[in-house]
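Please look over the sequence and the structure shown below before reading on. The report that follows deals with strand pairing and with salt bridges.

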Amino acid sequence: QVQLGESGGGLVHAGGALRLSCAASGRTVSVYAMGWFRQAPGKEREFVARIDWSGGNTYYAASVKGRFTISRDNAKVTVYLQMNSLKPEDTAVYYCNADQDPLGSLRSWGQGTQVTVSS
């Protein structure tokens, strides 16, 4: 089991930036990939970004590509999400996830951190 702790959410004006962090602990040797999802009020949780732990390949949702950047620190077993040019529609609770297999069938979740973008 992998435990995840997120930080970095907050309130920002449109056009601003925030950086989210997610530190993993526990069975981190088994982490295959880490990433971020988000859930806005009344909507389903949606994929935001993902990074493969060994090769560093990155994947993004179309809605954030070019504005968000996911990165990792292998030594700290921490993943970051740099969010630039934020829009009000980016407002959501952001959840970190860690996958212990390529298909995401063994997935751990963080507790979530609120990001609010005002217009």
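The text below takes up one strand and its partners, and then turns to the charged pairs.

This is a predicted model, in which local features need pLDDT of at least 70 and side-chain atom pairs count only at pLDDT 80 or more, while totals for chains, interfaces and linings use all residues. Residues are numbered from 1 along each chain as its sequence is written, and side-chain values use heavy atoms, with hydrogens and water left out.

**Strand β4 and its partners**

Helices (H or I, at least four residues) and strands (E, at least two) are taken as DSSP runs and numbered from the N terminus. Strand β4, residues 33–39, is mostly covered, since 6 of its 7 residues are buried, where buried stands for under 20% relative accessible area, exposed for over 50%, and partly exposed for values in between (1.4 Å probe, protein chains only). Two strands are said to pair if DSSP finds at least two bridges between them. Strand β4 runs antiparallel to β5 (residues 46–52), to which 6 bridges join it, and F37 stands opposite F47 of β5. The hairpin of β4 and β5 has 6 residues between the strands, and G42 takes a positive phi near 75° there. Strand β4 is also joined by 7 bridges to β9 (residues 92–99), again in an antiparallel arrangement, and in β9 the bridge partner of G35 is N97.

**Salt bridges**

Side chains of opposite charge can pair when their charged atoms come close. A salt bridge is counted here when a side-chain nitrogen of Lys or Arg lies within 4 Å of a carboxyl oxygen of Asp or Glu, and by this rule the count comes to 6 salt bridges, including those in the table.

| Pair | N to O distance |
|---|---|
| R38 and E46 | 2.7 Å |
| R50 and D99 | 3.9 Å |
| R67 and D90 | 2.8 Å |

The pair of R50 and D99 links distant parts of the chain, with R50 in strand β5 and D99 in strand β9, 49 residues apart, and both R50 and D99 are buried. In the pair of R67 and D90, R67 lies in the loop between β6 (58–60) and β7 (68–73), whereas D90 lies in the loop between β8 (78–83) and β9, so the pair ties together parts that are 23 residues apart in sequence. Both R67 and D90 are buried.

What is the relative accessibility of R38? R38 counts as buried because its relative accessibility is 6%, whereas E46, with a relative accessible area of 36%, is partly exposed. R38, E46, R67 and D90 are linked in a network of salt bridges.
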